[in-house]
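Here are some notes on the structure below, set out as numbered points for a colleague who will want to check them against the coordinates. Each point stays with one residue, element or kind of contact.

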Amino acid sequence: MTQEAFKKEQTLEMRKKLIGQSCRLFFSHDPVKIVRAQGQYLYDENGTQYLDCISNVQHVGHCHPSITKAATVQMELLNANTRFLHDNIVQYADRLAATLPSKLCVFYFVNSGSEANDLALRLARQYTQNEDVIVLDHAYHGHLTSLIDISPYKFRKLEGQKEWVHVAPIPDTYRGLYRRDHLDPAQAYAEEVKNVIDDVLKKGRKISAFFVESLPSVAGQILLPPGYCQKVAQYVRAAGGVFVADEIQTGFGRVGSHFWAFQLQGDDFCPDIVTMGKPMGNGHPLACVVTTEEIAGAFTANGVEYFNTFGGNPVSCAIGLAVLDVIEKEDLRGNAVRVGNHLIKLLRQLQAKHPIIGDVRGVGLFVGFELVKDRMALTPATEEAALLVRRLKEKHICLSTDGSWDNVIKFKPPMCFSIEDTERVTEQIDHFLTEIENGLQDTNNKNE
Ligand code: PMP
């Protein structure tokens with residue numbers, strides 16, 4: 001028997017007392033208490049419906065019946081660890097392999113994106129026998145100690161940068177070093193990575209890996225210029241390192257046209273290691289690392305077993321298989337293209353009307369729009385972005401901000417998001433931006 005439900009105030013009070021205060025809530029000035037969900041809709045304790053534009057983990061929709069059924073059926077049968085031979089793990093790896101270039105064919109199943117990136121770091125170091133890592137500015141790759149070290153988004157707020165970590169500029173063609181008027185931003189930003197590599201080598205250090213999100217999200221939905229990854233991979237490999245694509249937010253068809261966001265770079269690009277997580281289990285903790293036979297071989301050769309108690313168990317893999325089935329059966333990639341394109345079109349119409357929208361960018365159902373106080377100076381409109389998110393929440397629409405100045409409003413909804421949903425949310429954005437531009441004051445301007 002579960003305990004009787006608390007009143008919202010009581011839940012908040014107990015959370016304050018019992019849960020670490022660094023674990024934050026959405027809409028901290030007035031958090032929503034969600035008690036059930038279906039598809040792209042959340043319901044609070046009073047039955048009020050919220051439109052969910054941010055839950056990229058519940059990829060095929062909250063509480064999808066096929067996922068619930070796959071989990072229940074397998075839980076009733078068996079859930080043991082991967083030292084017992086079982087079909088699910090190999091069937092799942094085989095299905096994932098079919099979505100990837102043939103070179104990426106050895107899988108390790110883990111329980112979170114952070115575990116996947118930490119293992120990627122170990123694989124890279126074992127294979128290259130080098131230590132140093134290059135990352136992009138503002139990147140986030142996970143919450144483990146090793147990953148805070150390679151996440152400028154986090155370590156800049158803490159004790160700082162380790163000597164084995166090197167940061168290259170984010171290839172942001174809207175407000176970065178090289179912009180859309182540059183003749184070849186891909187080459188220019190790749191040269192920046194080459195300069196970092198040259199500096200590392202001059203210091204007598206060696207590169208193990210370049211880590212990058214295939215479409216940097218925490219940095220504010222940054223589309224890597226086409227050809228950037230090919231050029232960077234060439235420089236990194238020439239220096240003895242490997243290319244790690246973090247697909248933890250961007251994988252599993254989120255970008256619509258392709259199953260993996262790194263494929264947006266073209267057929268001639270293949271990372272050496274890919275990490276995946278969030279959408280993989282539709283909310284069940286399931287994540288993975290895939291790599292080449294050579295890199296996996298070096299990891300095996302060190303003679304140390306890799307054992308992960310929960311990773312790749314029959315229930316997780318049954319859920320993973322069901323997620324792949326739903327993506328196919330419901331043509332969720334096609335939906336991401338259709339609905340994502342419509343959303344971008346509507347946001348561009350708003351951009352033409354509201355000078356505060358400086359940029360609209362994204363692909364599939366991974367879309368952001370950036371608010372600026374001034375389109376020439378690109379001064380981030382951070383307070384306005386926070387205010388817009390708060391106002392939308394009052395209309396029962398959940399959105400969030402991201403980017404270095406928290407001025408990018410981000411869409412990454414469940415993949416069943418509809419054309420009607422895009423119209424509902426953009427109508428409200430239009431309304432509130434008009435209000436904000438007319439200088440209406442926020443009634444509750446505490447930060448998120
Ligand atoms: N990489 C990226 C790009 C992420 O967005 C996240 C989570 N926000 C992680 C890694 C870490 O994943 P997890 O929270 O599952 O450990």
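1. Is phenylalanine 259 buried or exposed? The model is a predicted one, and in it phenylalanine 259 has a relative accessibility of 10%, so this residue counts as buried, the limit for that class being under 20%.

2. The structure holds 15 aromatic pairs. A pair of aromatic rings is described by the distance of the centres and the angle of the planes. For phenylalanine 252 and tryptophan 260 the ring centres are 5.0 Å apart and the planes stand at 70°, so this pair is edge-to-face; phenylalanine 252 and tryptophan 260 are both buried. The rings of phenylalanine 259 and tryptophan 260 have their centres 5.1 Å apart and their planes at 70°, and that pair is therefore edge-to-face as well. Tryptophan 260, which takes part in both of these pairs, has a relative accessible area of 0% and is therefore buried.

3. Elsewhere among the aromatic residues, Phe210, Phe243, Phe262 and Phe269 are linked into a cluster by ring pairs. Two charged side chains are also placed over rings: the charged end of arginine 83 sits over phenylalanine 307, at 3.7 Å from the centre of that ring, and lysine 194 lies over the face of tyrosine 235, at 5.9 Å from the ring centre.

4. On the cysteines, the count of disulfides comes to zero. Cysteine 288 is in no disulfide, and the nearest cysteine sulfur, which belongs to cysteine 317, is 8.8 Å away; since a disulfide requires two cysteine sulfur atoms within 2.5 Å, that distance does not qualify. Cysteine 288 is itself buried, with a relative accessible area of 0%. Cysteine 416 is likewise in no disulfide, the nearest cysteine sulfur being that of cysteine 63, 11 Å away.

5. Helix α7 runs over residues 185-202, and its 18 residues reach 26 Å from the first C-alpha to the last, close to the 26 Å expected at 1.5 Å a residue. Its buried residues include Tyr189, Glu192, Val193, Val196, Ile197 and Val200. The buried residues of α7 pack against the strands β5 (132-136), β6 (165-168) and β7 (207-213), and also against helix α8 (228-238). After α7 comes glycine 204, which has a positive phi, near 80°.

6. Helix α13 (residues 419-437) can be read in a similar way, for its 19 residues reach 27 Å from first C-alpha to last, close to the 27 Å expected at 1.5 Å a residue. Among the buried residues of α13 are the acidic Asp421, Asp430 and Glu435, together with Val425, Ile429, Phe432, Leu433 and Ile436. This helix, too, is followed by a glycine with positive phi, namely glycine 439, whose value is near 80°.

7. Two backbone angles deserve a check by eye. Most residues other than glycine have a negative phi. Glutamine 129, however, has a positive phi of about 60° although it is not a glycine; this residue is found in the loop between α4 (113-128) and β5, and at 61% relative accessibility glutamine 129 counts as exposed. Glutamine 221 likewise has a positive phi, near 55°, and is a residue other than glycine. Its place is in the loop between β7 and α8, but glutamine 221 counts as buried, at 0% relative accessibility.

8. Where is threonine 250 placed, and what does its side chain join? The residue is in the loop between β8 (242-246) and β9 (273-276), and with a relative accessible area of 0% threonine 250 is buried. A polar contact of 2.9 Å joins its side chain to that of glutamate 247. If neighbours within four places in sequence are left aside, threonine 250 is in contact with Ser214, Leu215, Val255, Ala261 and Phe366.

9. Aspartate 374 belongs to strand β12 (residues 366-374) and is partly exposed, with a relative accessible area of 34%. A polar atom of the aspartate 374 side chain lies 2.7 Å from the backbone nitrogen of methionine 376. Between aspartate 374 and isoleucine 357 there are 9.4 Å in space, C-alpha to C-alpha, at a separation of 17 residues in sequence.

Conventions: Residues numbered from 1 in each chain as written. Heavy atoms only, no water. Buried < 20%, exposed > 50% of the residue type's maximum accessible area, 1.4 Å probe, protein only. Phe/Tyr/Trp six-rings, centres within 6.5 Å; stacked < 30°, edge-to-face > 60°. Lys NZ or Arg CZ within 6 Å of the ring centre and 35° of its normal. Helix = DSSP H or I, 4+ residues; strand = E, 2+ residues; numbered from the N terminus. Expected span 1.5 Å × (residues − 1). Contact = heavy atoms within 4.5 Å. Polar contact = N/O pair within 3.5 Å; in protein donor to acceptor, adjacent residues only side chain to side chain.
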